[in-house]
Structures are given as C-alpha cells and as structure tokens.
Amino acid sequence: MPEEELAARVADVLAADAIDFREQAQADAAVIKDAVEEGVFDNPQAIVGLEYEFYAVKADDCALRRVPRRLLELIGFEKELGLHNAEMTTSPQPLNGPGLAAQESEVKARLQTALDVTNSERMRLVSDAIWTLPPEGEETGTYLTDSVERTTVAPDGTERTIRIATNMSDSARYHAMANTDQADSAGMRIEAPHVSLQADTVMPESLITSIQPHYQVAHAPDLPENFNYALRVAGPLLALGVNSPFFPADLYDDEATAAEIIRDAWMEHRISVFENVLNDPTTGEGKVRFPHDLETVDEAIDRVADDDTIVPMPVESGERFDDQFHHFSRKHGTYWRWVRPVFGGPTRSAANARIEFRPIPAQPTVRDSISFLAAFAGLMESLTRLEHPVIELDWEIARENFYAAMVDGLEADLTWITNDGKETTDSLALYEDLLAHAEDGLTNRGLSEEDAAKYLYPLRRRVRQEVTPASWKHEHVAAALEDGSALDEAIAAMQREYVSRQSETLLEGSFADWIGE
C-alpha cells in the first residue's frame, strides 16, 4: 500500500473520539456481563486453540526476509507486525484426544503447504522467539527504526503529519500507536543487558514471535479460578520454553565484550522486548505486565473495559454475535497482559470465555508447540478439578517466578506448592508435580495414558536433560567463542544451525531429537 494512502487511513483511525470509544467499551462490558449471567458463554466442555507466529528468512543464509503480502494470502496466514512476520490461528477443538490430534494435524497441514510455497520463493518460515540475522545488506537497528513522515488531510479537514514505519505491515492500528496523543505511554525502545535501542514506532516488537495457547472454560463464571492457576504455572512453563538468549549481534553496545554478553544473557529476552516497546517506564505498571489475580468474571470484563486506551479505532457494525460488543472487542486488541481473559464468538451458540496464555515463545518444532498447548490445557483441567494447593502460592511469588524464569530459564529458583501442600524450591519436585497434573488433566479428558505421555514427553525430556532451546543456543555460542569465533560469527553460526535442525524436525520431530544428538 502506498505510504500516502496508509497515512490517510491512519489519520481516519486517529479521528475516533477517545472518550466516546471508552464509554462504548464500558457499555459493551455491561452487555457481556448480562450474557455471562444468562449462560451464553458457557460450553459443554473445555475447548482449545492456538496462535502460532513465524518469521521468514532466506533459504540459503537465513537472513531475514520480507514476506510478499500475496504469499500470505496464498498460504492462508495472517500478517503480523513486521513485513517478515506471518501468523497462523487454528480452529478451536474440544479438549480430548481427537481434538488435540486435530490441532496438531491442522498446524502441520497448513504449515506444510506454507513451506512448499515459500520454498519456491527461496525463503523459509522459521519458528523461533527472536530473529538474530537482519536482512541482507541492512543493519538491525536501521531495519527496526526506519520510518518516514507523510502529511495527509484528517477527516476534520486539517493537515496532519503521520509517521509510518518503513518495515511494518500496513495495518493502520499498528502505525496509529506511534501517532496518538497517548503515544508517549508506549516505550518504543529495547532495554536489555548490553542492548539499548530507541525508536519512533512500535516496530522493535517485530523482533519477537510466540505461540499462544487458548483454553476455553466450560462455565464462564469459573474463569477467574482458571486464570489464577494460569498465573501460578506461568513461571514454570516459561522456564521450560525459553528460547531467546541473544539479540542480533549488531544491536549490542560497542563497549560490551563477548564474555559479558554471554555472562549476562537472559534466557527469554522476548519478555522484556514486549514490555519495553509498549510500556512507558515512568507511568506505573504499564499495559504489558504480569496481571493480578481475579476474584470474579465481572472483574475480568471490567479490566478490559477500563484499561488505558491507546488506539480508539472506529468500529463498524456487523452481523456476528460479538459485534454486539464490538468496541470492547476492539479495545481488547491492546489489552496486553501475559495471561489475559477473552470473551467472544461469531455466533451466540459459539460464544466463549477463554484464557489466552502468552508467555511461551515460538518453539523449535510443531510437536514442542503442541506439547505446551496440551500441558497448559491439562493443567487447567486438573488443578481446578483437584483444587491443587498451589493456588495458595502468594501472587507476588508467582510474579517473581515469572521474571526469574525470564532471566535464568530452568536454572531459575522457582517456588511451588506440591500436591501434598508442601512448599518447595526443588525444580525436580516442581516439574514432577506439575507435569503429573498436566497428564492427569489430559487422561481425565479421555486421552489414554500413552497418548497423554506422548504429548508431554518433549517437556519431560527438557527437565531430565536440563536443556531448553535457550540453553542450547547459549551453549553453541559460548563454544564457538571459546574456539576463537567473533560474537557475530558465533551468533550467526548458531542461528543457521538452529534453522538447519528445524528444517529436519519441524513437522515430524521435536527438540528432544536435538538433545539426543
């Protein structure tokens, strides 16, 4: 889309009245509350779904590549923040054996098609948490911060200057974030050990990709209990999934040594990137954060409706069920929490209340991703049904667990309460209890013990071997440095090895195969 046309669309978005938008969202919240009370959002059983993000690279040297928009349409993927991004969303399925199998089959089928198509363009879609090789001939900082200003006529007839990120998708919502009166509430920066980058747009967020399991509760009023358990498992599951210990080498401060960068690397820099790009450090907790416990489903609805509005986009009426509360749904798009409630559905019969679990980065293989979906869903089933005592773990400790996992991965000191009510910091005891309950939740939904164990095997293997994708990357870079490589060479070699192994295992193997080698 031409920049002038995009600027005009952004100006139209910015013309929406923020006060009216907020009032409409709050009115929508009342509609949702009434529907919850009527049982509209209840379902016969739990349902699961998955959002899965990728980035594109050149097939020969793994340099980042922009994805032609026609290709996204051809392969049935959705555009994400950066021009190099692509996202897949699966069809919701019941939480049972056939449902989980359908989730995995859908991901594989659609991804296989996407890989075949992109291969003909000499590119590859990669499942990874942070890309580390910039586009050929470009510096990472320039790619992430490059923007232009375009003057356009706003709906009120006045001229307005709009900033457009050069390498961002043509979604007006993304570009509007840098042009609102509230733009300063977004940090639009990266701050991490030995990395500091300031931008004029939210484009630096396009460094990161994730998977987002969804768990749809059977009874909407029970959502707070599931939500609070999700907060307790967030740290331990993140520690198992960490996958981003390094940034692109040219983002590191010039004065930082390779030894310092290795020593101070966080296992999941993706967490801090998301928070720093979208949070202003001077304005309290920020919109991206580890949320507090919920007491009632009404509180969950109010949190979304009352959240700070960044982009009060105009909303058109439609025929879907959730168009009855379309301002609320639009506002939810910028309600960023690491665990967040969702209320929606295209029809009244398909209306649902669900939990979107956002801590997990994109994983090395499809099987690893489905393993996290199965584990999270199994835990939501088992912990609530058995009234697991970890619900008594203080919220502050659950939050500390989350950020400790971000920094140290499986080596983090995490606190847990086991099924017998005893508090422990022993990681083996923690994961034995956690994964046992995940398996219990799956078998309770009709899976055989063999199938439940199969889904959880990739995670159990990480615990036994004390290896995560992040530690695998960290060890590869450290070994290359010891052999005399420069930091940029070491990171590049690691990244190419990651993509090479993924090309062999993405659809039919798992990260456990990498560990075995």
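1. A good place to start is Asn 228: setting aside neighbours within four places in sequence, this residue is in contact with Asp 293, Leu 294 and Ile 391. Please keep in mind from the outset that this is a predicted model. Asn 228 sits in helix H7, which covers residues 223-241. Is Asn 228 buried or exposed? Asn 228 counts as buried because its relative accessibility is 11%, and the cut-off for buried is under 20%.

2. Next, have a look at strand S1, residues 47-58, where 12 of the 12 residues are buried. The cover reaches both faces of S1. One side carries Ile 47, Gly 49, Glu 51, Glu 53, Tyr 55 and Val 57, and the other carries Val 48, Leu 50, Tyr 52, Phe 54, Ala 56 and Lys 58; all of these are buried. You will find Glu 51 and Glu 53 on one side and Lys 58 on the other among the buried residues.

3. Which strands pair with S1? Strand S9 (residues 211-216) is joined to S1 by 6 bridges, and the two run antiparallel. To find this pairing on screen, look for Val 48, which stands opposite Tyr 215 in S9. Strand S2 (residues 85-89) is also antiparallel to S1, with 5 bridges between them. Here Glu 51 stands opposite Thr 89 in S2.

4. Two further partners complete this part of the tour. S1 pairs with strand S4 (residues 123-126) in the antiparallel sense over 4 bridges, and Lys 58 stands opposite Met 123 in S4. With strand S3 (residues 93-94), S1 shares 2 bridges, again in an antiparallel arrangement. Ile 47 stands opposite Pro 94 in S3.

5. Now for the nonpolar core. The largest one holds 170 residues, and the members that touch the most other members are Phe 41, Phe 77, Val 233, Leu 237, Phe 247 and Phe 343. Phe 77 is worth selecting in the viewer. Leaving out residues up to four places away in sequence, Phe 77 touches Phe 54, Leu 72, Ala 86, Glu 87, Met 88, Arg 110, Leu 111, Ala 114 and Leu 125. Phe 54 also belongs to the buried residues of S1, while Glu 87 and Arg 110 show that charged residues are among the neighbours of Phe 77 too.

6. How many cavities of 30 Å³ or more are there? The count comes to 2. The largest cavity contains about 50 Å³ of space, and its lining consists of Ala 239, Gly 409, Leu 410, Ala 412, Leu 414, Thr 425, Asp 426, Ser 427, Leu 430 and Tyr 431. Helix H14 (residues 427-444) gives the most to this lining, with 3 residues. Sorted by class, the lining has 6 nonpolar, 3 polar and 1 charged residues.

7. Turning to the pockets, the second largest has about 340 Å³ of space. Its lining is made up of 17 residues, and those closest to the centre are Asp 408, Leu 410, Glu 411, Glu 466 and Ser 471. Leu 410 also appears in the lining of the largest cavity. At least two residues of the pocket lining come from each of helix H13 (395-408), H14 and helix H16 (469-482). By class, this lining has 7 nonpolar, 5 polar and 5 charged residues.

8. Two residues deserve a check of their backbone angles. Most residues other than glycine have a negative phi. Glu 466, although not a glycine, has a positive phi of about 55 degrees. This residue is found in the loop between helix H15 (449-465) and H16, and Glu 466 counts as exposed because its relative accessible area is 63%. His 194 is the other case, with a positive phi of about 70 degrees although it is not a glycine. His 194 lies in the loop between strand S7 (189-192) and strand S8 (195-198).

9. Finally, a look towards the start of the chain. Leu 6 lies in helix H1, residues 3-14. With a relative accessible area of 4%, Leu 6 is buried. The C-alpha atoms of Leu 6 and Ser 244 are separated by 33 Å, and these two residues are 238 places apart along the chain.

Technical notes. Residues numbered from 1 in each chain as written. Predicted model: local features only at pLDDT ≥ 70, side-chain atom pairs only at ≥ 80, totals over all residues. Heavy atoms only, no water. 1 Å grid on protein atoms, 1.4 Å probe; cavity = no way out; pocket = protein on both sides within 12 Å on 5 of 7 lines; lining within 4 Å. Points joined across faces, edges and corners; volume = space filled by probe spheres on them. Buried < 20%, exposed > 50% of the residue type's maximum accessible area, 1.4 Å probe, protein only. Contact = heavy atoms within 4.5 Å. Pairing = 2+ DSSP bridges. Core = buried A, V, L, I, M, F, W, Y, C linked by side-chain atoms within 4.5 Å.
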